[in-house]
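Me: I am new to this structure and would like a close look at a single part of it. Please choose one chain and explain, with each term defined as you go, how it is built and how far the model can be trusted there.

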Amino acid sequence: MQCSKCGNPKVIIKKEQSGQYLCKDCFIDSIEKKVIKTVRKEKLLDKGDKVLVALSGGKDSVTTLEILNTFRELNIIDLCAVTVDEGIANYREEGVDIAVRHAERLGIEHKVVSLKDEYGITLDEIMQRENHKGSCTYCGVFRRTIINKAAREMGATKIATGHNLDDEVQSIMMNYLEGNTDNLTKLGAKTESKAEEFTVKIKPLREIPEREIGLYVVAKDLEVHFNGCPYAMQSFRGEVSEVVNQLSEKHPTIKYSTLRGYDKIKNVLKKEMQKEYAHGRCSRCGEPSANDLCKACSFLEELGV
Amino acid sequence: MSFLLKYKNINEKRELPNNEYTIKELLDELELSAQTIVSKQNGELVIEDTVIEEDDEIQLVQIIYGG
């Protein structure tokens with residue numbers, strides 16, 4: 001057994017989809033080249049962009065920051081980061097500390113925004129309410145609002161998130177299985193909203209399997225927060241993930257083919273199915289919203305804060 | 001014939017059942033999925049087909065959490 005590229009006998013991965021064996025250096029190189037290829041192919045970056053990385057301190061966002069930093073070192077883009085502290089005791093603190101250390105190491109502008117400071121309530125406090133809608137519902141909406149706001153405040157032209165191949169395939173399958181054609185039109189490597197206030201979002205890791213991102217951070221000795229969210233539960237996403245992973249054992253290319261198939265029909269989907277939303281402002285916070293209140297503010301009203 | 005297993009809070013000596021015992025077999029015994037774990041043998045990353053030798057230190061790192 002030896003590295004299929006350089007012959008090194010110390011292999012760290014057997015790629016089931018290609019049968020290729022790779023040593024540590026060739027594996028790291030292959031991941032970085034693949035991300036750079038996605039960036040070029042999908043035209044994710046423009047010279048002079050200021051990219052805001054949504055940095056949780058987990059493996060996906062740290063890898064996104066690390067690889068985008070190569071574009072910063074070449075003076076192609078500028079980088080900054082935002083970390084959202086949802087207020088989850090004994091969980092989020094470590095991720096926030098790690099995010100701070102990465103931003104300091106690279107010398108980039110970084111901001112930590114807590115739900116407590118922004119909305120006066122933590123996720124832990126929300127979850128103590130009897131009529132709550134489930135942690136992920138609030139977390140997703142509040143986090144998205146905070147990241148969009150931070151992008152405007154920091155003058156970012158793009159927002160980079162750490163979505164990987166597994167995340168993207170799960171989203172494609174979930175929306176298809178639920179018949180949610182509207183959400184299905186919104187996926188992809190680059191998502192743009194017609195509302196100017198929403199910054200363009202990019203997913204540079206979209207073609208990298210989740211396990212390979214985990215292996216990349218361990219191989220590169222990058223400090224990351226490996227831990228499960230205490231509110232994570234058996235969700236529909238979890239069930240879809242299990243089925244896709246099971247299928248991948250006998251059909252190792254299935255995640256890639258699902259992504260490719262989606263990419264082929266995406267433009268037709270967008271043309272035929274994309275809904276037009278009214279471009280108004282939230283009457284409470286002034287953020288862009290299709291309704292009188294944006295999603296974040298309607299939750300806050302329900303919670304009485 | 002034994003090896004040292006390190007995984008989360010576990011730090012224990014385990015017996016080697018045979019001469020061809022692989023990390024994959026260890027993961028199966030611990031009911032862990034190779035999809036969520038990366039393995040180190042004496043501090044170096046290895047693939048799951050690797051045979052565990054006497055006195056090896058095997059460290060398992062969970063890289064994917066459900067949710």
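Reply: What follows is a close look at chain B, beginning with its helix and strands.

The model is predicted, so local features are described only at pLDDT of at least 70 and side-chain atom pairs only at pLDDT 80 or more, while totals for chains, interfaces and linings use all residues. Residues are numbered from 1 along each chain as its sequence is written, chains are lettered from A and ligands numbered from 1 in the order in which they are written, and side-chain values use heavy atoms, with hydrogens and water left out.

Chain B contains 1 helix and 5 strands, where helices (H or I, at least four residues) and strands (E, at least two) are DSSP runs numbered from the N terminus. Followed along the sequence, these elements come in the pattern β-β-α-β-β-β. The radius of gyration of chain B, taken over C-alpha atoms, is 11 Å, close to the 11 Å that the globule rule (2.2 Å times the number of residues to the power 0.38) gives for 67 residues, so the chain is as compact as a globular protein of that length. Along the principal axes, the C-alpha atoms of chain B fill a box of roughly 40 × 20 × 20 Å.

Of the 67 residues in chain B, 45% are buried, a word that here means under 20% relative accessible area, with exposed meaning over 50% and partly exposed in between (1.4 Å probe, protein chains only). The accessible surface of chain B comes to about 3700 Å², and 40% of that belongs to carbon and sulfur atoms; such areas come from the Shrake-Rupley method with a 1.4 Å probe, and for residues only the protein chains shown count as cover. If one considers contacts (heavy atoms within 4.5 Å) in chain B between residues at least 6 apart in sequence, 51% of them join residues at least 24 apart.

One residue to look at in detail is Lys8(B), placed in the loop between β1 (2-7) and β2 of chain B. Lys8(B) is exposed, its relative accessible area being 54%, and it touches Gln62(B) and Tyr65(B) when residues up to four places away in sequence are not counted. Lys8(B) and Gln59(B) are 51 residues apart in sequence, and their C-alpha atoms are 9.0 Å apart in space.

Side chains of opposite charge can pair when their charged atoms come close. In chain B, Glu12(B) forms a salt bridge with Arg14(B), and the closest N and O atoms are 2.9 Å apart; the term requires a side-chain nitrogen of Lys or Arg within 4 Å of a carboxyl oxygen of Asp or Glu. Glu12(B) counts as partly exposed at 33% relative accessibility, whereas Arg14(B), at 19%, counts as buried.

As for confidence, the mean pLDDT of chain B is 94, and 97% of its residues reach 70 or more, on a scale from 0 to 100 that gives the predictor's confidence in each residue. Within chain B, confidence is lowest in strand β2 (residues 10-15), at a mean of 96, and highest in strand β4 (residues 44-46), at 98. The model itself scores ipTM 0.95 and pTM 0.94.
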